[in-house]
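Reader: I would enjoy a walk through this fold with you. Could we take the strands and then the helices?

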Amino acid sequence: MRISRRTFAAAAAAVVLLPLSACGGGGDGGSDDASGKVQGDITFQTWNLKANFKDYFDGVVAEFEKKYPGTHVKWIDQPAEGYADKISADAAGGTLPDVVNVSPDLVAPLAKAGLALDLDKAAGQYKKEYLEGAWASHQVPGLGGTYAFPWYLNTGPMFYNKSLFQKAGLDPAEPPKTYDELFADALQMADRSGGKVATLANVPTIEDFGRYGVELMNKEGTGFAFNDAKGVELLTKYKQLYDAKALDPQALTATPESSGKKFLTEAVAMNPGSALDLENFKKNAPNLYKNIGVTDQITSTGHANMYVMGVMVNAQTKKKPAAIAFAHFVTDAAHQMSFAKKVAIFPSTAGSLDDPYFTQEDGTDVTRVRIAAAKSLKTAVNYTPVLFSEQMKTALRNEVARALQGKESPKDALDNAVKQCDTLLRQQG
């Protein structure tokens with residue numbers, strides 16, 4: 001499932017490359033000691049949320065200040081454009097807010113620089129309140145600890161065209177669940193349609209390698225490992241799909257939008273999506289809509305992929321008790337549930353996904369997709385390594401394209417991708 005950062009609440013973010021002057025941490029606010037009274041002034045920074053959710057966050061701040069007399073929270077919101085650069089500049093200049101909305105790729109360099117508080121040490125008592133996969137999503141390979149409270153999650157099911165499955169001699173009530181099943185069904189569909197109907201419109205991404213069971217990175221966080229035998233096996237299978245036209249010929253240059261159009265016109269049999277897509281199909285493609293099936297993400301590990309946002313505490317804050325208390329307050333079960341009912345996201349807190357809001361059908365498309373996604377999130381994993389930057393994603397995509405075109409073997413392509421990604425990793429510091 002590919003969800004752009006913009007549709008997830010803001011815009012696509014690049015990894016922050018902190019100047020050397022930001023490294024090392026230290027200072028009298030640098031310990032993990034969070035004992036003491038919750039009091040004082042703190043600053044809370046969000047990522048492109050004020051335009052649509054001002055009343056919600058004003059309410060959260062007011063609740064917190066009422067619960068903890070003597071506290072004052074200054075809420076600031078940064079635009080999507082340039083958010084990573086803003087964090088980098090604040091980190092270098094010593095002006096990083098006390099509590100910061102981050103994604104895993106943004107927290108990694110801050111943790112390496114000693115600027116993200118290790119919550120396993122400072123707030124470990126809260127760990128049990130969150131889904132295991134969500135808590136782990138802000139851990140950084142090579143560093144012990146967890147560096148942000150998990151906040152809201154997102155994922156999405158796969159849509160499939162029942163009519164196209166039936167025409168290919170496949171059971172529309174039994175869509176593929178694993179990659180092996182997907183590859184077998186895709187080859188049959190391409191064969192039966194004479195190459196006119198592809199099953200997929202996207203090349204494999206790092207998440208696909210993860211869901212296939214490939215070890216993406218070594219445990220030390222010093223190098224990538226997706227060029228192992230299992231990684232080569234996955235790319236080889238995709239090459240077979242591409243040659244058989246079971247993978248759309250335009251997949252090499254596809255975007256989520258173009259893939260969606262292929263599915264809309266019934267040239268592709270499966271595509272990830274959301275409730276908004278279902279509404280679009282109902283309005284603009286009624287024939288497709290009546291044949292829509294909703295199923296889980298393809299995975300051979302038993303775990304779907306999740307996208308996660310977090311709330312980080314600045315390790316250098318002079319108001320550690322207040323900063324930790326507020327970061328936890330924003331991400332506790334009650335507030336996450338409240339936020340999830342205002343926007344199409346999911347709470348990361350344990351037990352929240354059992355709420356009737358995420359389990360009971362009401363006949364609407366929005367609820368249908370919400371329930372399917374919530375079910376998969378209970379055991380979902382954030383497969384994208386926190387150290388995997390946008391540049392690395394581009395390097396992998398380019399090498400995958402070369403392999404599919406037959407310009408390189410799958411093994412050579414992944415070896416080259418790993419080499420490029422390792423070089424970029426060393427440049428991160």
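Reader: How many bridges join strand β3 to strand β8, and do they run parallel or antiparallel?

Author: Happy to start there, keeping in mind that this is a predicted model. Strand β3 covers residues 99–102 and strand β8 covers residues 307–313. Across this pair, V102 stands opposite G310 in β8. The two strands are joined by four bridges and run antiparallel.

Reader: Which strands are the edge strands of the open sheet?

Author: Let's lay out the order. Six strands form this open sheet with mixed pairing, arranged as β2-β1-β3-β8-β4-β9. An edge strand here pairs on one side only, and that picks out β2 (71–78) and β9 (346–347).

Reader: Which strands does helix α2 lie across, and at about what angle does it run to β2?

Author: Helix α2 spans residues 50–67. The strands beneath the question are β1 (40–47), β2 and β4 (149–154), and α2 lies across these. Relative to β2, the helix runs at about 165°.

Reader: Now the helices: are α8 and α10 roughly parallel or roughly antiparallel to each other?

Author: The axes of α8 (residues 179–192) and α10 (residues 229–243) come within 10 Å and cross at roughly 15°. Angles under 35 degrees count as roughly parallel. Therefore α8 and α10 are roughly parallel to each other.

Reader: How do the residues of the contact of α8 with α10 divide into nonpolar, polar and charged?

Author: From α8 come Y179, D180, F183, A186 and L187, while α10 brings L234, K237, Y238, Q240 and L241. Sorted by type, the residues of this contact are seven nonpolar, one polar and two charged.

How values were computed
Residues are numbered from 1 along each chain as its sequence is written. This is a predicted model: local features need pLDDT of at least 70, side-chain atom pairs count only at pLDDT 80 or more; totals for chains, interfaces and linings use all residues. Side-chain values use heavy atoms; hydrogens and water are left out. Axes are lines fitted to C-alpha atoms, for helices over the stretch in contact, and angles run from 0 to 180 degrees between N-to-C directions. Angles under 35 degrees count as roughly parallel, over 145 as roughly antiparallel, 65 to 115 as roughly perpendicular and the rest as oblique. Contact means heavy atoms within 4.5 Å. Ala, Val, Leu, Ile, Met, Phe, Trp, Tyr, Cys and Pro count as nonpolar, Asp, Glu, Lys and Arg as charged, and the others, Gly among them, as polar. Two strands pair if DSSP finds at least two bridges between them.
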